[in-house]
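Trainee: I should like to examine one part of this structure closely and then see how it sits within the whole. Could you please guide me through it, one step at a time?

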2 protein chains.
Amino acid sequence: MAASAGPEIERLIALLSKMPGLGPRSARRAALALLKRRDQLLLPLSDALSQAATKVRTCQICGALDTQDPCAICQDQGRDPALICVVEEVGALWAMERAGAFRGRYHVLGGLLSALDGIGPDALRIGSLTARAGAGEIREVILALPATVDGQTTAHYLVETLARTDVAVTLLARGVPVGGELDWLDDGTIAQAMRARRPA
Amino acid sequence: MAASAGPEIERLIALLSKMPGLGPRSARRAALALLKRRDQLLLPLSDALSQAATKVRTCQICGALDTQDPCAICQDQGRDPALICVVEEVGALWAMERAGAFRGRYHVLGGLLSALDGIGPDALRIGSLTARAGAGEIREVILALPATVDGQTTAHYLVETLARTDVAVTLLARGVPVGGELDWLDDGTIAQAMRARRPA
């Protein structure tokens, strides 16, 4: 790829190109940028990666990533222990936290049900979710899953599974996103927003 | 950025977002991908970065990056020692090597002259280029600089500087790129290709 640049650079480029968002070309650019900024970027990044590898773990309760287990959110006494927000992945949990619109706790499924990819309920953290929901402390489980086929299939399955417990199960609202122009929205979103219209 | 994910993850995301091609959003995605593939990606990348930091250095002759100094290209006896190809950066050297159309040696300037950015001849590896060109072994210096204002300014300056030596100075040809449709080409390229037309 970078002919005669030595095996160390080749290996660095090969690994960088496995990161999402970086193809072979941008991985080369990134490797060069790192090598040019050895002390400001290359060494700190190497250190940050090894720190993350040793210190970051998965929360045994909710499945989030943190340096402590249980994670800071599960330990936070200021959060409502009666609310669980179910998300597909840690990235969605972070997005929810950035929005700052939820002050309960989380449950990370680790994926979505998918017949095509052969992902069944046992591959996800569903058992631990029903156990948490059935333990008596939980009042409401909010399904914050993506508005995709797999997301809806998973939500449907969870609604049925959680029906055995006596917690309320809710879904995120659908509608026109903030800043969304009708021209650019898909028909499904417009139809959902119309059906869910509310008094002004 | 990733609220309550712990300082290690925050730092990793901050460093990743400094890489070219990764913004804050894709840096978060990359960090998650790394943390999910700890043994296959996170640890090997950390190791590759520290290996690169300790082993890769700048060739004292041509300015390329390699684990040996002089670099493999400068040491390669199969390459024509009478040809020097001048490039802006190591990335351009790699691109030239991938094209496989040059079997001489290189000289990496480390940038381009730029009045706007205050980059003068002393900030570039021009002194060592004229020293190499004047040492008697060199027959031709090929200026493979970008077709930008700064690239052309730098080429012009090098042509004048190298006129004091008795090496031939040449420039890469300009014209329609392979696969280039005239519809999509800028006027300047079309005009240059027309002026430099050749018999069929």
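**A loop residue and its surroundings**

Mentor: Setting aside neighbours within four places in sequence, I119(A) is in contact with L112(A), L113(A), S114(A) and L124(A). Please keep in mind that the model is predicted. I119(A) itself belongs to the loop of chain A that runs between β4 (105-108) and α6 (127-134). Is this residue buried, partly exposed or exposed? Its relative accessible area is 31%. Buried requires a value under 20% and exposed a value over 50%, so I119(A) is partly exposed. Distance along the chain may also be set beside distance in space: I119(A) and E140(A) are separated by 21 residues in sequence, and their C-alpha atoms lie 26 Å apart.

Let us now place this loop in its chain. The domain assignment divides chain A into domain 1 (8-55) and domain 2 (77-171). Between the C-alpha centres of these two domains of chain A there is a distance of 34 Å.

We may next turn to the aromatic rings. Searching the whole structure yields two aromatic pairs over all chains. In chain A, the ring centres of F102(A) and Y106(A) are 5.3 Å apart and their planes meet at 70°, so this pair is edge-to-face. Both F102(A) and Y106(A) are buried. In chain B, F102(B) and Y106(B) also make an edge-to-face pair, with 5.3 Å from centre to centre and 70° between the planes. These two residues, F102(B) and Y106(B), are buried as well.

The nonpolar interior comes next. The largest nonpolar core contains 82 residues. Those with the most contacts inside this core are L16, M19 and L45 of chain A and L16, M19 and L45 of chain B. What does L16(B) touch, apart from residues up to four places away in sequence? From chain A it meets M19(A) and L45(A), and from chain B it meets L22(B), A27(B), A30(B), A31(B) and L34(B).

E8(B) offers another view of contact between the chains. This residue sits in helix α1 (residues 7-16) of chain B. Its relative accessible area is 15%, and with the limit for buried set at under 20%, E8(B) is therefore buried. Not counting residues up to four places away in sequence, E8(B) touches Q51(A), K55(A), V56(A) and T67(A).

Finally, consider the spaces in the model. The largest pocket has a volume of about 940 Å³. Its lining comprises 31 residues, of which A92(A), A95(A), L145(A), P146(A) and L172(A) are the closest to the pocket centre. At least two lining residues each come from α5 (90-99) and α8 (187-195) of chain A and from α2 (24-36) of chain B. The largest share, eight residues, belongs to α5(A).

As for enclosed spaces, there are four cavities of 30 Å³ or more. The largest cavity has a volume of about 50 Å³. Its lining residues include L143(B), L145(B), L171(B) and R174(B). Helix α7 (residues 149-162) of chain B gives the largest share of that lining, three residues.

Technical notes: Residues numbered from 1 in each chain as written. Chains lettered and ligands numbered in written order. Predicted model: local features only at pLDDT ≥ 70, side-chain atom pairs only at ≥ 80, totals over all residues. Heavy atoms only, no water. Core = buried A, V, L, I, M, F, W, Y, C linked by side-chain atoms within 4.5 Å. Buried < 20%, exposed > 50% of the residue type's maximum accessible area, 1.4 Å probe, protein only. Contact = heavy atoms within 4.5 Å. Phe/Tyr/Trp six-rings, centres within 6.5 Å; stacked < 30°, edge-to-face > 60°. Helix = DSSP H or I, 4+ residues; strand = E, 2+ residues; numbered from the N terminus. Domains from an automatic or database assignment. 1 Å grid on protein atoms, 1.4 Å probe; cavity = no way out; pocket = protein on both sides within 12 Å on 5 of 7 lines; lining within 4 Å. Points joined across faces, edges and corners; volume = space filled by probe spheres on them.
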